[in-house]
Amino acid sequence: MDEQTAEVSTAQAVRKAMIRLVPFLGLLYLLNYLDRVNVGFAALTMNADLGISSAAYGLGAGLFFVGYFFFEVPSNVILHKVGARVWIARIMVTWGIVASATAFIQGEVSFYIVRVLLGIAEAGFFPGIILYLTYWFPRKVRAKIVALFFLAVPLSSVLGSPISALLIQHGEGVLGFDAGWRFMFFAEGVPSILLGVAVFFLLPNKPKDAKWLTPGQRTSLQSTLDAEDTQTVAHEVSTRSALTDPRVLALSAVYFGIIFGLYVLAFFLPQVIKGFQQQFQTTYSIVEIGLITAIPYAIAAVAMVLWARHSDRTGERAGHVAIAAFVGAVSIAAALYLGSPFLVMAAVTLCAVGVFTAVPVFWQLPNAFLTGVGAAAGIGLINSFGNLSGFVGPYLVGWLQGLTGSFRPGMWSVAFFMAMAGVIALFFRRKEKNIVK
């Protein structure tokens with residue numbers, strides 16, 4: 001096969017893989033993220049029903065990431081060894097069972113337990129998919145591909161927020177549940193179980209396993225990916241080397257700052273909007289809160305894809321991450337001093353844009369110097385450490401809100417950590433030409 005024919009065959013394989021895999025993986029992640037953060041809507045009535053304080057809720061919401069942290073790296077290494085088909089199916093079925101079981105919690109202790117178990121069940125899903133995408137897509141299109149996959153997060157709020165609100169509002173008495181939030185948890189866990197079974201039959205591990213690619217397309221795509229790995233490093237990076245690489249540790253700190261903003265918005269934005277009633281003398285129903293919550297995510301979804309395409313087109317990564325992080329930091333700080341709900345939501349929307357545009361481009365930085373099992377371990381570590389902010393953020397914001405009666409100190413913490421992420425990312429911009437050894 002000559003070079004021009006190989007390029008055409010690779011392009012055809014990439015298009016087929018994008019059509020076949022990305023929408024399906026995005027649907028899986030939509031359910032994953034929804035089952036993780038729907039507790040933010042449940043809190044509108046659950047906290048009062050169970051007598052859970054703001055600090056206890058923040059702790060419970062964040063405990064998810066404790067189990068997640070400890071099982072993330074081993075889960076990703078297992079995926080690399082046994083294949084995505086089996087391991088992603090296992091993850092989805094177990095998290096769906098635990099997500100539905102949240103409907104039966106009775107107080108703070110059971111809330112804490114089920115959140116830890118949910119984190120353990122879900123560990124490895126997101127970094128596993130990030131790793132899986134490197135098995136299929138050349139580096140020059142990966143930011144766009146990750147952005148299309150990551151669309152599941154804002155879409156889970158655009159679609160999931162109103163759906164969660166409706167399930168809460170109308171779910172009382174359905175299937176014998178005594179509260180709408182209980183029915184919401186149960187109902188939103190079931191699709192994850194069903195799709196987990198589907199994954200086992202539908203998801204090919206690598207291009208060589210895809211029957212919908214021609215033999216020539218399989219060969220040319222795999223050759224392109226192998227050549228990129230050879231250019232990245234002289235040899236496959238070991239697990240130990242990846243976990244101790246200063247660049248991996250620095251990127252973990254960057255991701256911590258970005259994801260800090262993501263989860264504070266996810267867990268507390270509905271309560272912030274509910275607080276407009278006291279701050280601006282407005283009144284919203286649960287469904288209206290759901291619709292308002294969806295607005296920042298809808299706008300962020302569009303911005304995320306456009307920003308990722310710009311990064312792919314220019315080949316620049318770290319600067320795109322830094323700009324997005326700074327936009328998020330400045331806008332959430334500005335939101336604290338605006339005098340109308342419209343202006344506050346505009347600033348929150350800009351913060352969401354900063355958070356979501358940073359993530360897909362960010363994941364191209366570790367992929368520039370990690371391959372093989374080292375990539376599995378390094379990506380797992382970055383994601384697990386970054387997602388510790390999902391524990392620190394909700395707990396810190398909940399504790400500060402309970403202490404001061406205001407969300408303002410907690411939002412300042414979001415601004416601080418996102419600004420920190422931007423500063424560290426700028427360092428990578430200076431080193432970007434030398435990031436590949």
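Which residues form a nonpolar patch on the surface? They are I78, V82, V86, V197, F200, F201 and L202. Before the views, a quick note: this is a predicted model, where local features need pLDDT of at least 70, side-chain atom pairs count only at pLDDT 80 or more, and totals for chains, interfaces and linings use all residues. Residues are numbered from 1 along each chain as its sequence is written, and side-chain values use heavy atoms, with hydrogens and water left out.

**View 1. A nonpolar patch on the surface, with helix 9 as its main contributor.** Together, the seven side chains listed above aren't hiding: I78, V82, V86, V197, F200, F201 and L202 have about 640 Å² of accessible area (Shrake-Rupley method, 1.4 Å probe, with only the protein chains shown counting as cover for residues). A patch is built from residues with over 30% relative accessible area and no salt bridge, joining nonpolar side chains (Val, Leu, Ile, Met, Phe, Trp, Tyr) within 5 Å and like charges within 9 Å. Helix 3 (54-82) and helix 9 (180-202) are the elements that give two or more residues, and helix 9 has the largest share, with 4. Helices here are DSSP runs (H or I, at least four residues; strands are E, at least two), numbered from the N terminus. One of the patch members, F201, sits in helix 9 and counts as exposed because its relative accessibility is 65%; the cut-offs are under 20% for buried, over 50% for exposed, and partly exposed in between (1.4 Å probe, protein chains only).

**View 2. The buried residues of helix 9.** Helix 9 has 23 residues and spans 34 Å from first C-alpha to last, close to the expected 33 Å; that expectation is 1.5 Å times one less than the number of residues. Its buried residues include W181, F183, F185, L195 and V199. Among the elements covering them are helix 1 (3-37), helix 2 (39-50), helix 4 (84-101) and helix 8 (152-170), where contact means heavy atoms within 4.5 Å.

**View 3. Helix 2, largely enclosed.** Of the 12 residues in helix 2, 9 are buried, so the rest of the structure largely encloses this helix. Among the buried ones are F41, L44, M46 and L50. The end C-alpha atoms of helix 2 are only 13 Å apart, short of the 16 Å a straight helix would reach. Right after helix 2 comes G51, with a positive phi near 70 degrees.

**View 4. L175 in the loop between helix 8 and helix 9.** Most residues other than glycine have a negative phi. L175 is not a glycine, yet its phi is positive, about 55 degrees. With 64% relative accessibility, L175 counts as exposed.

**View 5. Two salt bridges, R182 with D178 and R317 with D312.** A search of the whole structure turns up 2 salt bridges, each needing a side-chain nitrogen of Lys or Arg within 4 Å of a carboxyl oxygen of Asp or Glu. In the R182 and D178 pair, N and O are 3.0 Å apart; R182 is buried at 7% relative accessibility, whereas D178 is exposed at 54%. For R317 and D312, the N to O distance is 2.9 Å. R317 is buried at 9%, and D312 is buried at 16%.
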